[in-house]
Amino acid sequence: MLKVYEKFGLTKEEYNKLRYGFLPQFVSHTDENSSSVLYFDGDDGVVLFQNPSEVFDELGFSIRLIDCEYCDISMTEMLEIAHTLDDEKWREWVNKPVKFKGNRR
């Protein structure tokens, strides 16, 4: 079974150092079909961000907690991660209103 950190080229030791290192940071992985970011809050919190998402396609991303119940993230880091996931589509989305399907208020 492939561990999530292996997709990002990390060893188990490197992963644990990032996870428990008391320094928020992230690593990214991109292939031809998707972009992913593995974010560490430095205090046991780990989140996997993946683009495209099932609901919003390339204009959104999926978020999964990895072996934890919560993870803290600053607004600045969240914006940087959004840019990292897909900078070109992110700029396109920021500059153009998104029309949602369905009954949203």
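So, how do the residues lining the second largest pocket divide into nonpolar, polar and charged? Hold that thought for a second. One caveat up front: what we're looking at is a predicted model.

Okay, the pocket. The split is six nonpolar, one polar and four charged residues. Its volume comes out at about 190 Å³. Eleven residues line this pocket, and those closest to its centre are K3, V4, Y5, Y15 and D67. If you ask which elements give two or more residues to the lining, they are α1, residues 4-7, and α2, residues 12-20. The largest share comes from α2, with four residues.

Keep α2 in mind while we turn to the sheet. We have four strands in an open sheet, in the order β1-β2-β3-β4, with antiparallel pairing. At the edges you'll find β1, residues 25-30, and β4, residues 62-65; each has a single partner strand, so one side of each is left without a neighbour in the sheet. On average, neighbouring strands are turned by 20 degrees against each other, ignoring direction.

Zooming in on one pair: β1 runs antiparallel to β2, residues 35-40, and the two are paired over six bridges. If you want a spot to click on, Q25 sits opposite F40 in β2.

Now back to the helices. α2 packs on the sheet and touches β1, β2 and β3, the last being residues 46-51. Its direction makes about 60 degrees with that of β2. Then there's α3, residues 75-85, lying across β1, β2 and β3 and running at about 155 degrees to β2.

So α2 turns up twice in this story: in the pocket lining, and packed on the sheet.

Definitions and conventions:
Residues numbered from 1 in each chain as written. Predicted model: local features only at pLDDT ≥ 70, side-chain atom pairs only at ≥ 80, totals over all residues. Heavy atoms only, no water. 1 Å grid on protein atoms, 1.4 Å probe; cavity = no way out; pocket = protein on both sides within 12 Å on 5 of 7 lines; lining within 4 Å. Points joined across faces, edges and corners; volume = space filled by probe spheres on them. Nonpolar A, V, L, I, M, F, W, Y, C, P; charged D, E, K, R; others polar. Pairing = 2+ DSSP bridges. Axes fitted to C-alpha atoms, helices over the stretch in contact; angles between N-to-C directions. Contact = heavy atoms within 4.5 Å.
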